[in-house]
Amino acid sequence: MLIIAILGLLILIYGLRQKNRPAVKGVFMVIGILLLIFAAIVATPMGTEAMSHMFH
């Protein structure tokens, strides 16, 4: 969970630094935000249970 959150944050920061490539900026920002949301969901007990049922 912590690794996913750090990876999402790094991708989000990389996306924010793209000044002359707006398409790349948007894609990296969306991927980073989705990874942060996924990490937040997995951090809760209910989210962990839901994820274990999804991949079981």
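**Contacts and packing of a three-helix chain**

User: Leaving aside neighbours within four places in sequence, which residues is Met29 in contact with?

Analyst: The model is predicted. Contact here means heavy atoms within 4.5 Å. With neighbours within four places in sequence set aside, the residues in contact with Met29 are Leu12, Gly15 and Leu16.

User: Is Met29 buried, partly exposed or exposed?

Analyst: Met29 is a residue of helix H2. Buried means under 20% relative accessible area, and exposed means over 50%. The relative accessible area of Met29 is 24%, so Met29 is partly exposed.

User: What distance separates the C-alpha atoms of Met29 and Ile11?

Analyst: Along the chain, Met29 and Ile11 are 18 residues apart. In space, the distance between their C-alpha atoms is 7.0 Å.

User: In what order do the elements of the protein chain run from the N terminus?

Analyst: The protein chain contains three helices and zero strands. Read from the N terminus, the order is therefore written with helix symbols alone: α-α-α.

User: How does the radius of gyration of the protein chain compare with the globule rule: is the chain more spread out or less spread out than a compact globule?

Analyst: For 56 residues the globule rule gives 10 Å. The radius of gyration of the protein chain is 13 Å, well over that value. The C-alpha trace spans about 40 × 15 × 15 Å along its principal axes. Because its radius is well over the rule, the chain, compared with a compact globule, is more spread out.

User: What percentage of the residues of the protein chain count as buried?

Analyst: A residue is buried when its relative accessible area is under 20%. Of the 56 residues in the protein chain, the share that counts as buried is 16%.

User: Are H2 and H3 roughly parallel or roughly perpendicular?

Analyst: Helix H2 covers residues 22–43 and helix H3 covers residues 45–54. Their axes lie 5 Å apart, and the packing angle is about 105 degrees. Angles of 65 to 115 degrees count as roughly perpendicular. This makes the arrangement of H2 and H3 roughly perpendicular.

User: How many residues of the contact of H2 with H3 are nonpolar?

Analyst: On the H2 side are Phe38, Ile41, Val42 and Ala43, which meet Pro45, Gly47, Thr48 and Met51 in H3. In this contact two residues are polar and no residue is charged. The number of nonpolar residues is six.

User: Which residues does Thr48 touch, not counting residues up to four places away in sequence?

Analyst: Thr48 belongs to helix H3. Thr48 is partly exposed, at 41% relative accessibility. Not counting residues up to four places away in sequence, Thr48 touches Ile41 and Val42.

Technical notes. Residues are numbered from 1 along each chain as its sequence is written. This is a predicted model: local features need pLDDT of at least 70, side-chain atom pairs count only at pLDDT 80 or more; totals for chains, interfaces and linings use all residues. Side-chain values use heavy atoms; hydrogens and water are left out. Helices (H or I, at least four residues) and strands (E, at least two) are DSSP runs, numbered from the N terminus. The radius of gyration is taken over C-alpha atoms; the globule rule is 2.2 Å times the number of residues to the power 0.38. Buried means under 20% relative accessible area, exposed over 50%, partly exposed in between (1.4 Å probe, protein chains only). Axes are lines fitted to C-alpha atoms, for helices over the stretch in contact, and angles run from 0 to 180 degrees between N-to-C directions. Angles under 35 degrees count as roughly parallel, over 145 as roughly antiparallel, 65 to 115 as roughly perpendicular and the rest as oblique. Ala, Val, Leu, Ile, Met, Phe, Trp, Tyr, Cys and Pro count as nonpolar, Asp, Glu, Lys and Arg as charged, and the others, Gly among them, as polar.
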